[in-house]
Amino acid sequence: MIDGDVRYVFVTGGVVSGLGKGITAASLGTLLTARGVKVSLQKCDPYINVDPGTMSPFQHGEVYVTDDGAETDLDLGHYERFTGENLSRLSNVTTGSVYDTVIKRERRGDFLGATVQVIPHVTDEIKARIHQAGASSGARVVIVEIGGTVGDIESLPFLEAIRQLRNDVGRDRVAFVHVTLVPFLDSVGELKTKTTQHSVQELRRIGIEPDVLVLRSDRPLTDDIRTKIALYGGIEERSVVSAVDASDIYELPLMFEGEGFASVVLDRLGMATGPPNLDDWTGLVRRIHACEGRVRVALVGKYVQLHDAYLSVAEALKHSGVHHGVEVEIDWIDAETPNMVDAVAGADGILVPGGFGGRGIEGKIQATRFARENGVPFLGICLGMQVAVIEFARHVAGMEGANSSEFDPSTEHPVIDLLPEQKQIEERGGTMRLGADPVHLVEGTMARAA
């Protein structure tokens, strides 16, 4: 299957998880976009869940919802924020969704009685979805992040698929970027490269030669470290990219541009472009560091122990602060905090985000009531908006015991109620109306007037 002139960049990770493959992919997208190259990004997640919609936020952070209502991995939020591209359900592929499709096809007889196997049937489905991401977006370059760590059994079908895709479309239309770790050992006082060497060996063992190595470290790489890793990796020294810990993630595209990251990738893909226009990005970073003063926003949630559970909310607050030239300090408040009034007192604003289930609801209602009675700016998102309705019904409209039928099916005042069709659904995943869904407010209603 050939997709015209589309190029593919595959971002893999080694040694440990959490090295920043998603930010690396997003930053590369920023640099290519700044050169006038239309990009699309995709995340391949090796877990067997069909999507992260039913996963605990403690397990995987927030669920990022795309315009078409898909519940996807939080890295898609980074992709959209860094490139300005609106992504879709095609931008997130999971092992669960792939196997679900393959099994349904087998049940229909699409494989004509063949023995269904990982190769070629599962890998063919993965490749089809990667091609689809490029075809549907009209992108010249599709950047695909492979979740997990090289060596994990779960990610092997994805790695095999991208190895095959390289041969399908031609070597000159594919670049492999491998993100790995160069730790500094205090005991010997130097950066160590053995972790990267072993990670590259593992990648080679399954048939993939990295074109670019992005090396995470807590300090700049020395020239001899670059030379050593280039030698072991079988690449040019210019293809060894240093990714030093940054004070802010929005600095990373500029740091990567200084390392020549995009230029190396474009050379590998045989693409010529003009110089990047990073004026807007440089201005953003300058404004981040120029922020003066501080605004405290109390975020009252159920999953505050893992801040990634509210990643997009936190980023939106940060961006808003940068726009107004102030730093936003988020006070992460557990919705089950015993003394909620004391916890939110003194906040410049109160935000109640989304969530599921009855745990912590009464605490959120207390925080919302405090905001209303004391004139504190309040924002309720999703469940937070429902909580505001419940609070008003109880304490202003005199509807004692008002609640959502989700939390109290027998409440006398179900001021929030499930849609009739949702009450019939037994499955929990993919049942909500999400995304850029049009909502028409009827003439003559108070909502329309407001």
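**View 1. Arg294 and Glu327, a salt bridge between two strands.** At 52% relative accessibility, Arg294 counts as exposed, because the cut-off for that class is over 50%. Its partner Glu327 is partly exposed, with a relative accessible area of 38%. In this predicted model, the closest N and O atoms of Arg294 and Glu327 are 3.5 Å apart, and the two residues form a salt bridge. Arg294 belongs to strand 12 (residues 294–301) and Glu327 to strand 13 (residues 327–334), so the pair ties together parts that are 33 residues apart in sequence.

**View 2. A salt-bridge network of five named residues.** Lys43, Asp45, Asp73, Asp75 and Glu145 are joined into one network by salt bridges that share partners. Side chains of opposite charge can pair when their charged atoms come close. For the model, the count comes to 36 salt bridges.

**View 3. Glu85 and Lys38, a salt bridge between two loops.** The closest N and O atoms of Glu85 and Lys38 are 3.1 Å apart in this salt bridge. Glu85 lies in the loop between helix 3 (75–83) and strand 5 (92–94), and Lys38 in the loop between helix 1 (21–33) and strand 2 (39–45), so parts that are 47 residues apart in sequence are tied together by the pair. Lys38 is partly exposed, its relative accessible area being 33%.

**View 4. Glu160 and Arg163, a salt bridge within helix 6.** Glu160 and Arg163 form a salt bridge, with 2.8 Å between the closest N and O atoms. The two residues are three residues apart in helix 6, which means that about one helical turn separates Glu160 from Arg163. Glu160 is buried, at a relative accessible area of 18%, whereas Arg163 is partly exposed, at 22%.

**View 5. The packing of helix 5 on helix 6.** Helix 5 (residues 118–137) packs with helix 6 (residues 156–169) at an angle of about 70°, and their axes are 9 Å apart. That angle makes helix 5 roughly perpendicular to helix 6. The crossing of the two helices is right-handed. On the helix 5 side, the contact is made by Val118, Ile119, Val122, Thr123, Asp124, Ile126, Lys127, Ile130 and His131. These meet residues of helix 6, including Pro157, Phe158, Glu160, Ala161, Ile162 and Leu165. By class, the contact of helix 5 with helix 6 holds 11 nonpolar, three polar and four charged residues. Glu160, one of the helix 6 residues in this contact, also appears in View 4 as the salt-bridge partner of Arg163.

Note on methods
Residues are numbered from 1 along each chain as its sequence is written. This is a predicted model: local features need pLDDT of at least 70, side-chain atom pairs count only at pLDDT 80 or more; totals for chains, interfaces and linings use all residues. Side-chain values use heavy atoms; hydrogens and water are left out. Axes are lines fitted to C-alpha atoms, for helices over the stretch in contact, and angles run from 0 to 180 degrees between N-to-C directions. Helices (H or I, at least four residues) and strands (E, at least two) are DSSP runs, numbered from the N terminus. Angles under 35 degrees count as roughly parallel, over 145 as roughly antiparallel, 65 to 115 as roughly perpendicular and the rest as oblique. A crossing is left-handed if the near helix is turned anticlockwise from the far one by less than a right angle, and right-handed if clockwise. Contact means heavy atoms within 4.5 Å. Ala, Val, Leu, Ile, Met, Phe, Trp, Tyr, Cys and Pro count as nonpolar, Asp, Glu, Lys and Arg as charged, and the others, Gly among them, as polar. A salt bridge is a side-chain nitrogen of Lys or Arg within 4 Å of a carboxyl oxygen of Asp or Glu. Buried means under 20% relative accessible area, exposed over 50%, partly exposed in between (1.4 Å probe, protein chains only).
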